[in-house]
Amino acid sequence: MAKQGAASMLALALVLGTFAAIPTVVESIGVCYGVNGNGLPSAGDVVQLYQSNNINLMRIYFPDTNALQALSNTNIGLIMDVPNSDLGSIASDPNAAATWVQNNVQAFPGVSFRYIAVGNEVSGGDTNNILPAMQNINNALNNAGLGSIKVSTAVQSGVTQGFPPSQGSFSQGYMGPIAQYLQSTGAPLLANVYPYFSWQGNQGQIDINYALFTSSGTVVQDGGNAYQNLFDALVDTFYSALENAGAGNVNIVVSESGWPSAGGDGASTGNAQTYNQNLINHVGQGTPKRPGSIETYIFAMFNEDQKPGAETERHFGLFNPDKSPAYNINF
């Protein structure tokens, strides 16, 4: 993303000192836009909310026609998912992939597509469909003259194993060929990175300060790399896994990260504010293994009261349905 105007935007952020400046300092921050909630604003209002807060990156989880129309000619960079339910048909039929690209990408020439995420945290037998579906979507984009849009898949930290981060490897056999394919196409791996869930499941072993970016010093020393926060450790475990899979040139885009404000252990407005503020401040510097800005998407724009699963799943929003901030983020 262009760095022009960063200094002037920083000055603006310092003057505003409010949530409205969310990604002006670190332009590699985006926000995921989920729609599993009652009373959410229209897509047009949501896009205006992104623009008014200078949020320049978005992820959507299916080809949402209303969102795509609202995004046209805004220059908001977009990750768009191929839903898990479509993987089988797209993996088995190149024509289905071509139709999907025609209907959902070519039909919206004013949208700044960055990545197509072929599946999100796919599990079970559907994992066999990920790579062929990626290949078919990638070929369809190339055939349409849209090869600059990179094709990947979004995975969670459970596809990796190993500690410390330098010992990271993929725990799932299907990931090696995917990693090598990404290396061949120059696409990044999309990784959903949640220190909250790692901490929640291992509270006896992991200090919450390590998860919240608030540790006072090094927590894990891994050779020459010192880890003061769990986010870096999780990301670098992915990088080690890519290296071990023969795909060390693949970059990582953090396609989701966040902290719930209610609904479970450690889930509070204060912790959510602390985590997301520190995440915004941190991702511009990268990890011990890979210094440099990390393109990162906070989950999520809104609390989604219709989301299934644990109660925390319904409390990741930065904004309430009335577009008011769930809590303030200050620069």
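Is lysine 323 buried, partly exposed or exposed? Select lysine 323 to begin the tour; keep in mind that this is a predicted model. Its relative accessibility is 34%, and because the partly exposed class runs between 20% and 50%, lysine 323 counts as partly exposed.

**Stop 1: the backbone at lysine 323**

Stay on lysine 323 and look at its backbone. Its phi is positive, about 75 degrees, although the residue is not a glycine. Most residues other than glycine have a negative phi. You will find lysine 323 in the segment after β12.

**Stop 2: asparagine 75**

Now jump to asparagine 75, in the loop between α3 (65-71) and β3 (77-82). Here, too, is a residue that is not a glycine but has a positive phi, in this case about 65 degrees. Asparagine 75 has a relative accessibility of 66%, so it counts as exposed.

**Stop 3: a cis bond before a proline**

Next, select phenylalanine 163 and proline 164. The peptide bond from phenylalanine 163 to proline 164 is cis, and its omega is near 0 degrees. Proline 164 belongs to the loop between β6 (160-161) and β7 (169-170). As background for this stop and the next, most peptide bonds are trans.

**Stop 4: a cis bond before an alanine**

Move on to phenylalanine 299 and alanine 300. They are joined by a cis peptide bond with an omega of about 10 degrees. Alanine 300 sits in the segment after β12.

**Stop 5: the ring of phenylalanine 299**

Keep phenylalanine 299 selected, but turn from its backbone to its side chain, and add phenylalanine 316. How many aromatic pairs does a search of the whole structure find? There are 13. Phenylalanine 299 and phenylalanine 316 form an edge-to-face pair, with 5.8 Å from centre to centre and 65 degrees between the planes. This pair links distant parts of the chain: its two residues are 17 residues apart, with both phenylalanine 299 and phenylalanine 316 in the segment after β12 (296-298).

Are these two rings buried or exposed? Phenylalanine 299 counts as buried because its relative accessibility is 4%, and phenylalanine 316 is also buried, with a relative accessible area of 2%.

**Stop 6: the aromatic cluster**

To finish, widen the selection to Tyr61, Tyr194, Tyr196, Phe197, Trp199, Phe213, Phe231, Trp259, Tyr275, Phe299 and Phe316. Together they form one aromatic cluster. Colour Phe299 and Phe316 separately to pick out the edge-to-face pair from the previous stop.

Technical notes
Residues are numbered from 1 along each chain as its sequence is written. This is a predicted model: local features need pLDDT of at least 70, side-chain atom pairs count only at pLDDT 80 or more; totals for chains, interfaces and linings use all residues. Side-chain values use heavy atoms; hydrogens and water are left out. Rings of Phe, Tyr and Trp (its six-membered ring) pair if their centres lie within 6.5 Å; planes under 30 degrees apart count as stacked, over 60 as edge-to-face and the rest as tilted. Helices (H or I, at least four residues) and strands (E, at least two) are DSSP runs, numbered from the N terminus. Buried means under 20% relative accessible area, exposed over 50%, partly exposed in between (1.4 Å probe, protein chains only).
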